[in-house]
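Dear colleague,

Please find the structure below, handed over for your own inspection. After it I describe what was found, with the cut-offs given as each term comes up.

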Amino acid sequence: MDLRTFIDDVTDIVRSTNDEHELTTRIAKRMSALLTNGYRLPPELTRPSSSRHVTYPLYIAPDNSWSMASVVWDVGQRTNVHSHDTWGVVGIYAGVEHEFRYLKPPESAEPTPLTPAGEAQWSPGQVTVCCTTDDDVHAVEAIGSEPTIGIHVYGGDIGTIKRRSYDPDTGEAHWFVSGWDTPET
Ligand SMILES: [Fe+2]
């Protein structure tokens, strides 16, 4: 499968339903096909930064209904604990991702320490539904000996969505917008 076919398929799926569980299940199958059929990212979208993980745009739907990114962590880099406030599907392209999940705190509650909800390690070719709007809080660390690269699909334009980072020890949240990184050519 090439990128164009994947984009067309996801566009059709996103238009066909608002059910996030159905959407993500169907997109995960397409992501699996993209990875196992040997799709190769442009090399400039696989380069880590020494300062922090980077998010390169692969596609942003003209109506902003969904977006697709190449996310690259250098060895040892780790995100803070964050939400996405949308649905998302992640396919591992290279390296190994260690994911730490947490229960999403209720919207109105006073901050209390976050409740861990399991850990997982993801290897190349594996696909995970990282997020539905009600279950979307995690941190991610690149482990292993090479950078971790994921192909990510999210509802909306993930570079512009207001979402939260958490202190897991206190539950205190801060709003942030991740933005997009520009590949060096
Ligand atoms: Fe994330």
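Helix α2 (helices, H or I with at least four residues, and strands, E with at least two, are DSSP runs numbered from the N terminus) has 17 residues and reaches 24 Å from its first C-alpha to its last, close to the 24 Å expected at 1.5 Å a residue, where the expected span is 1.5 Å times one less than the number of residues. Please keep in mind that this is a predicted model, in which local features need pLDDT of at least 70 and side-chain atom pairs count only at pLDDT 80 or more, while totals for chains, interfaces and linings use all residues. Residues are numbered from 1 along each chain as its sequence is written.

Within α2, the residues L23, T24, I27, R30, M31 and L34 are buried (20 or more other C-beta atoms within 10 Å of the residue's own; exposed means 12 or fewer, partly exposed in between, with C-beta atoms placed from the backbone). These buried residues cover an arc of only 130 degrees around the axis, which puts them on the same side of α2, the arc being that of the directions from the helix axis to the C-beta atoms. The face turned away from that buried side carries the exposed residues H21, E22 and T36, and α2 is followed by G38, whose phi is positive, near 80 degrees.

What covers the buried residues of α2 includes α1, β4, β7 and β9. The helix lies across β4, β7 and β9 and runs at about 15 degrees to β4 (axes are lines fitted to C-alpha atoms, for helices over the stretch in contact, and angles run from 0 to 180 degrees between N-to-C directions). These three strands belong to an open sheet of 5 strands in the order β1-β2-β9-β4-β7, with antiparallel pairing, where two strands pair if DSSP finds at least two bridges between them. The edge strands are β1 and β7, each of which pairs on one side only.

The largest nonpolar core (buried Ala, Val, Leu, Ile, Met, Phe, Trp, Tyr and Cys residues joined through C-beta atoms within 7 Å) has 29 residues, and those with the most contacts inside it are I27, M31, V89 and V153. The largest share of this core, 6 residues, comes from β2. Leaving aside neighbours within four places in sequence, M31 is in contact (C-beta atoms, placed from the backbone, within 7 Å) with V89, G91, V127, I151 and V153.

With best regards

Definitions and conventions:
Contact = placed C-beta atoms within 7 Å.
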